[in-house]
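Dear colleague,

Please find the structure below, handed over for your study. My notes on what was found in it follow.

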Amino acid sequence: MTAEKTKPVKVTVVGIGNSGVKIINRLAGLKESGWLNMIAVDTDAESIEKCAIPNKIVADMQWRNGIGCGGDVIKGQRSLGRERPRITELLEDTTLLIVTGGLGGGTATGGAPIFASVAKSRKIPTIFIMTTPFTLEGHSKRRIAEDGVRELLPTVDVLLCLPNDLLFSSLPADFPVGDAFEKADIEVARAILGVSEIMRCKNLLAADFSDFVAIMNKRKSVCSIGVGTAASSDGLNRCHLALERMLESPLLGGAAQMKEADALFLVMTGGPDLNIGETKMAFEIAVKFIGEDSKVIVGTNTDPAYADFVQITAITVKFDKKETKEDLRRNKDFGFDPQSSPVRTTVNHTPMPKDFEQGELPLQNVSKGIFLNTTPVNHNGEDLDVPTYQRRMIIIDKGE
Ligand SMILES: Nc1nc2c(ncn2[C@@H]2O[C@H](COP(=O)(O)OP(=O)(O)OP(=O)(O)O)[C@@H](O)[C@H]2O)c(=O)[nH]1
Ligand SMILES: [Mg+2]
C-alpha cells in the first residue's frame, strides 16, 4: 500500500443498473461528494437519460438497444462483458473502486462481476455495496441475489450487502412509496460517502485502506454501517446530534450492534471549522458503546465542502468465529439463513431482518416432456429423462 500512499487518491464510484444509477444520482446530489469520480452504467437508456451526472454509459447499445435486461443475469453478464475495454479505460488511475447496485436485477447482478474482474486485473482494491431484494420480491429474486453474491465473492476485496428490507424498516407504514425509495437511496449514498472517506483520513487514523481490507477479509464477518450528519444550525452540539443520528441509522442495527463488534471503524468528516475538542468528545462517547476487547480504528478528515457540517460514519465488524472466507467460498449452501447469522452469503455484510427467509414453495416445475408417463431413468440420483438444461438449471439465452 506504500505506493498508493504517494499517488493522489481517486475513488471511482460506479452505479450499475436502474437501482445503482438512482443511488449514484443521489450521491451526486450530496455536495460533499464532489471529490468522487462517479460513473453511471446501465443497459437501460431511459435510466441513463434521467441521470444528472456527466460520466454515464448505456452499455451494449448495439445488442441490447437500450431496453435493459429484464431481470436476465446472463444478458447483464454478456452486455457488460462486451464493454470490458470501455470499463478498463474508465477505471484508469483509480485508487479504489466502489460499485453499487441492486442484486436481483439482470444488469447489476450480471454486470457487477465484470467490474470486479477488470479491477482485479488492474490491481485496484474494490468495495461492492449492493442492496439485496425486499422479502416481498419473492424467492426467485433472492436466488438471483444469492448467486450474484457467490459470483462476486472470490474477486472483490469487500462486499457489503445492504438489505432493502432494512432500509425501509424505520419508516412508518403510511410513508409514501416514492419518498421511501428516495430516502433509502440517500441512505445508501451516505453509506458510500462514509466508506470512501476512509481513503482520505489523514489525521488520527491508525490504519489505512489495506488494514481495512485486512480486517474485513480476515474471515467471514457481519458488518453494519451507520452514518449520522448534523449541521451547525441543527442545534448546540452538532457532533452529539450526528452521533445520535448515526446510532439511529437503519443499517447500523442500533447500539447493540456496536457493543458486539470485534472491530469498529469510526470516521469523522467536517469542514475547516471542525475542532479537536468536538472530535475528541465524539470519539470518546462513541467508544463507550463498544466492548472492551474490540479493535477500534478512528480517523478524521476535513474538506471545505463539509463547512458547518459534520458526518460520522461507523462500520462495525463482527467475525464469524467458525468460518473463514475460504470455508465460505467452498460452502455450496449459500442460503440466507437469518437464524445462524443474519446473512450467510457474504463475507462482509449488514444483518438481514429476521423475516427475510422465505420458505421453499412445494412447486415442481420441471417438465419431463414426452417421457412424462415412463419409468424414470435414474443415474447418480438424477432423472435423465429431464432435459439436461433443466436439471442443471441452465438459463438459455434466446437473444431477446
Ligand atoms: N434501494 C433501492 N432498491 C431498488 C430500487 N429499484 C430497484 N431496487 C432493487 O434492486 C433490484 C434490481 O433492480 P434494478 O436495479 O431495476 O435491476 P437492473 O440491475 O437494472 O437489471 P435489469 O432491469 O434486469 O436490467 C430489485 O430487485 C430491487 O430489490 C430503488 O430505487 N432503490
Ligand atoms: Mg434495469
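**Notes on the structure**

In strand β8, both faces are covered: A263, F265, V267 and T269 lie on one side, L264, L266, M268 and G270 lie on the other, and all of them are buried. Put as a count, 8 of the 8 residues of β8 are buried. In a regular strand the side chains alternate between the two faces of the sheet. Please bear in mind throughout that this is a predicted model.

The chain as a whole contains 16 helices and 13 strands. Of its 400 residues, 48% are buried. Among contacts between residues at least 6 apart in sequence, 76% join residues at least 24 apart.

**β8 and its surroundings**

Strand β8 pairs with β9 in the parallel sense, over 8 bridges. One of the residues involved is A263, whose bridge partner in β9 is K295.

Both strands also help to cover helix α14: the elements over its buried residues include α12 (238-248), β8 (263-270), β9 (295-302) and β10 (309-319). Helix α14 comprises residues 276-287, 12 residues in total, and it reaches 16 Å from its first C-alpha to its last, close to the 16 Å expected at 1.5 Å a residue.

Which residues of α14 are buried? They are T279, A282, F283 and A286. Seen down the axis of α14, these buried residues fall within an arc of 95°, so they line one face of the helix. An α-helix has 3.6 residues a turn, so residues three or four places apart point the same way. The face of α14 turned away from the buried side carries the exposed residues G277, K280 and E284.

**β4 and its partners**

Strand β4 is also covered on both faces, with L96, I98, T100 and G102 buried on one side and L97, V99 and G101 buried on the other. That is 7 of its 7 residues.

Strand β4 has a parallel pairing with β1 (residues 11-16) over 6 bridges, in which V11 has L96 as its bridge partner. A further 6 bridges join β4 to β5 (residues 126-132), and these two strands also run parallel. Within β5, I127 stands opposite I98.

**Helix α7 and residue T155**

Helix α7 has 16 residues and reaches 23 Å from its first C-alpha to its last, close to the 22 Å expected at 1.5 Å a residue. Because 13 of these 16 residues are buried, α7 is largely enclosed by the rest of the structure. The helix is followed by K123, which has a positive phi, near 55°.

T155 is placed in the loop between α8 (139-152) and β6 (158-163). Is T155 buried or partly exposed? It is partly exposed, with 19 other C-beta atoms within 10 Å, because a residue needs 20 or more to count as buried. Leaving aside neighbours within four places in sequence, T155 is in contact with P113, A116, S117 and K120. T155 and P113 are 42 residues apart along the chain, and their C-alpha atoms are separated by 7.8 Å.

**The surroundings of ligand 1**

There are 28 residues around ligand 1, of which G17, G102, G104, G105 and G106 come nearest. By type, the shell divides into 7 nonpolar, 16 polar and 5 charged residues. At least two residues each are supplied by α2 (17-29), β4 (96-102), α7 (106-121), α9 (164-169) and α10 (177-196). Which element gives the most to this shell? It is α2, with 4 residues.

Yours sincerely

Key
Residues are numbered from 1 along each chain as its sequence is written. Chains are lettered from A and ligands numbered from 1 in the order in which they are written. This is a predicted model: local features need pLDDT of at least 70, side-chain atom pairs count only at pLDDT 80 or more; totals for chains, interfaces and linings use all residues. A residue is near a molecule or strand if its C-beta atom, placed from the backbone, lies within 6 Å of it. Ala, Val, Leu, Ile, Met, Phe, Trp, Tyr, Cys and Pro count as nonpolar, Asp, Glu, Lys and Arg as charged, and the others, Gly among them, as polar. A residue is buried if 20 or more other C-beta atoms lie within 10 Å of its own, exposed if 12 or fewer, and partly exposed in between; C-beta atoms are placed from the backbone. Two residues are in contact if their C-beta atoms, placed from the backbone, lie within 7 Å. The expected span of a helix is 1.5 Å times one less than its number of residues. The arc is that of the directions from the helix axis to the C-beta atoms. Two strands pair if DSSP finds at least two bridges between them.
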